[in-house]
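Open the model in a viewer and keep the selection tool at hand. The stops below are meant to be taken in order.

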Amino acid sequence: MNEKTNYGNWVPEKALYLLFALAAVFLTITVLLRGLVQIPVLTIIMGVVFVMTVIMAVYMLVCHETFAFGKGNMMAEVHRHLVEHLEWNGEGTLLDIGCGAAALTVRCAKTFPKAQITAMDYWGAEWNYAKEQCEKNARIEGISDRVTFQKGDAAKLDFADETFDAAVSNFVFHEVHSAKDKRDVVREALRVVKKGGAFSFQDMFSQEALYGDMDAFVKQLKAEGISEIHYIGNLEKKLDAIPGYVTTPWMISGMGIIYGKK
């Protein structure tokens, strides 16, 4: 039997099961209220709650299918966009910060066949990813000999200054709970990149509550020694791979990319 990769999804299947289960519960309560209690106002209220829950469940299911590898492939296209902005020849070492289930790690390994890659993640209990899952995916994809996975904290990377020739990260920095200021996570990622090395990071950079004025932040990074850095904001409105119905505050909003050379 051929093994299949499992890269997970930004919409966990557990969330879908919960939403549809809640819809079933609200439907049952609505029917009971109508048949037994016969209180019209309560029946109408619960019926509205049921309909809203069904709408949200269906919406989340559509988003799940849109994101899924091998189906809508939106996650894969977002990764492709990141790698296309990594201005690197693939010679040397690369760090994938917050690798999740290793989808971006695998793309980098296949894009840069000479690279040695280190991929790290916190793999907390709230995520449906694990180191063993990453290692299995890498083995199935045939890149295990060039990839090492390790647990770590993106706010305090367990690597010396200027360790890697390149670094990537996708939708991770805003999730790092150990850093109050997410700009510090960006600086930590840049710390481990060699002088002249390449980087490409995608995150919710256009959300001012997380990163403040990004133009000012880019200027600060240049003043701190980053030789070349570019910023593109609000990517959800610019990438054809991202449909409008996922550009909501609870899904994808304020997506941006910073890339360049240290």
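What follows is a tour of a predicted model, from the whole chain to single residues and then to empty space.

**The whole chain**

Start with the chain in cartoon view, where 8 helices and 7 strands can be traced. The C-alpha atoms occupy a box of roughly 75 × 50 × 35 Å along the principal axes. Colour by accessibility next: 48% of the 262 residues count as buried. If contacts between residues at least 6 apart in sequence are drawn, 76% of them join residues at least 24 apart.

**Leucine 32 in helix α1**

Select residues 13-37, which form helix α1, and pick out leucine 32 within that helix. Leucine 32 counts as partly exposed, because its relative accessibility is 43%, between the cut-offs of 20% for buried and 50% for exposed. Now add isoleucine 258 and draw a line from C-alpha to C-alpha: leucine 32 and isoleucine 258 are 54 Å apart in space and 226 residues apart in sequence.

**Threonine 66 in helix α2**

Move to helix α2, residues 40-67, and select threonine 66. Is threonine 66 buried or exposed? Its relative accessible area is 10%, so threonine 66 is buried, the limit being under 20%. Which side chain makes a polar contact with the side chain of threonine 66? That partner is tyrosine 245, at 2.7 Å. A polar atom of the threonine 66 side chain also lies 2.9 Å from the backbone oxygen of valine 62. To show the surroundings, leave out neighbours within four places in sequence and display Gly72, Asn73, Met74, Pro243 and Tyr245, with which threonine 66 is in contact.

**Alanine 102 and cysteine 108**

Go on to the loop between β1 (93-97) and α4, where alanine 102 is placed. Check its backbone: phi is positive, about 80°, although alanine 102 is not a glycine. Alanine 102 counts as buried because its relative accessibility is 0%.

Continue into helix α4, residues 103-111, and select cysteine 108. With a relative accessibility of 0%, cysteine 108 is therefore counted as buried. Beyond its neighbours within four places in sequence, cysteine 108 is in contact with Val83, Leu94, Ile117 and Val168. For a distance across the model, select valine 246 as well: its C-alpha is 25 Å from that of cysteine 108, with the two positions 138 residues apart along the chain.

**Phenylalanine 171 and glutamine 202**

Select phenylalanine 171 in the loop between β4 (164-170) and α6 (182-191). Here too the residue is not a glycine, yet phenylalanine 171 has a positive phi of about 55°. Phenylalanine 171 is buried because its relative accessible area is 12%.

Then highlight strand β5, residues 193-203, and find glutamine 202. Its relative accessible area is 1%, so glutamine 202 counts as buried. Which backbone oxygen does the side chain of glutamine 202 reach? It is that of valine 78, at 3.2 Å. Apart from neighbours within four places in sequence, the residues in contact with glutamine 202 include Phe171, Ser169, Leu235 and Met255.

**Aromatic rings**

Show the aromatic side chains as sticks; a search of the whole structure finds 10 aromatic pairs. One to zoom in on is phenylalanine 159 with phenylalanine 164, an edge-to-face pair with centres 5.0 Å apart and planes at 85°. Both of these phenylalanines are buried. Then select Phe173, Phe199, Phe201, Phe205 and Tyr211, which ring pairs link into a cluster.

**Empty space**

Rolling a probe the size of a water molecule over the atoms shows where empty space is left. How many cavities of 30 Å³ or more does the structure hold? There is 1, and the largest cavity has a volume of about 30 Å³. To find the largest cavity, select its lining: Met120, Gln150, Lys151, Gly152, Asp153, Leu157, Asp158 and Phe159. That lining divides into 3 nonpolar, 2 polar and 3 charged residues.

End at the second largest pocket, with a volume of about 290 Å³. Of the 14 residues lining this pocket, Asn6, Gly8, Asn9, Glu13 and His64 are the closest to its centre. By class, the lining of the second largest pocket has 5 nonpolar, 7 polar and 2 charged residues.

Conventions: Residues are numbered from 1 along each chain as its sequence is written. This is a predicted model: local features need pLDDT of at least 70, side-chain atom pairs count only at pLDDT 80 or more; totals for chains, interfaces and linings use all residues. Side-chain values use heavy atoms; hydrogens and water are left out. Helices (H or I, at least four residues) and strands (E, at least two) are DSSP runs, numbered from the N terminus. Buried means under 20% relative accessible area, exposed over 50%, partly exposed in between (1.4 Å probe, protein chains only). A polar contact is a pair of N or O atoms within 3.5 Å; within protein, one must be able to donate a hydrogen and the other to accept it, and residues adjacent in sequence count only if both atoms are side-chain atoms. Contact means heavy atoms within 4.5 Å. On a 1 Å grid over the protein atoms alone, a cavity is a set of points where a 1.4 Å probe fits but cannot get out, and a pocket is an open set with protein on both sides within 12 Å along at least five of seven lines; lining residues have an atom within 4 Å of a point. Grid points are joined across faces, edges and corners, and a volume is the space filled by probe spheres set on the points. Ala, Val, Leu, Ile, Met, Phe, Trp, Tyr, Cys and Pro count as nonpolar, Asp, Glu, Lys and Arg as charged, and the others, Gly among them, as polar. Rings of Phe, Tyr and Trp (its six-membered ring) pair if their centres lie within 6.5 Å; planes under 30 degrees apart count as stacked, over 60 as edge-to-face and the rest as tilted.
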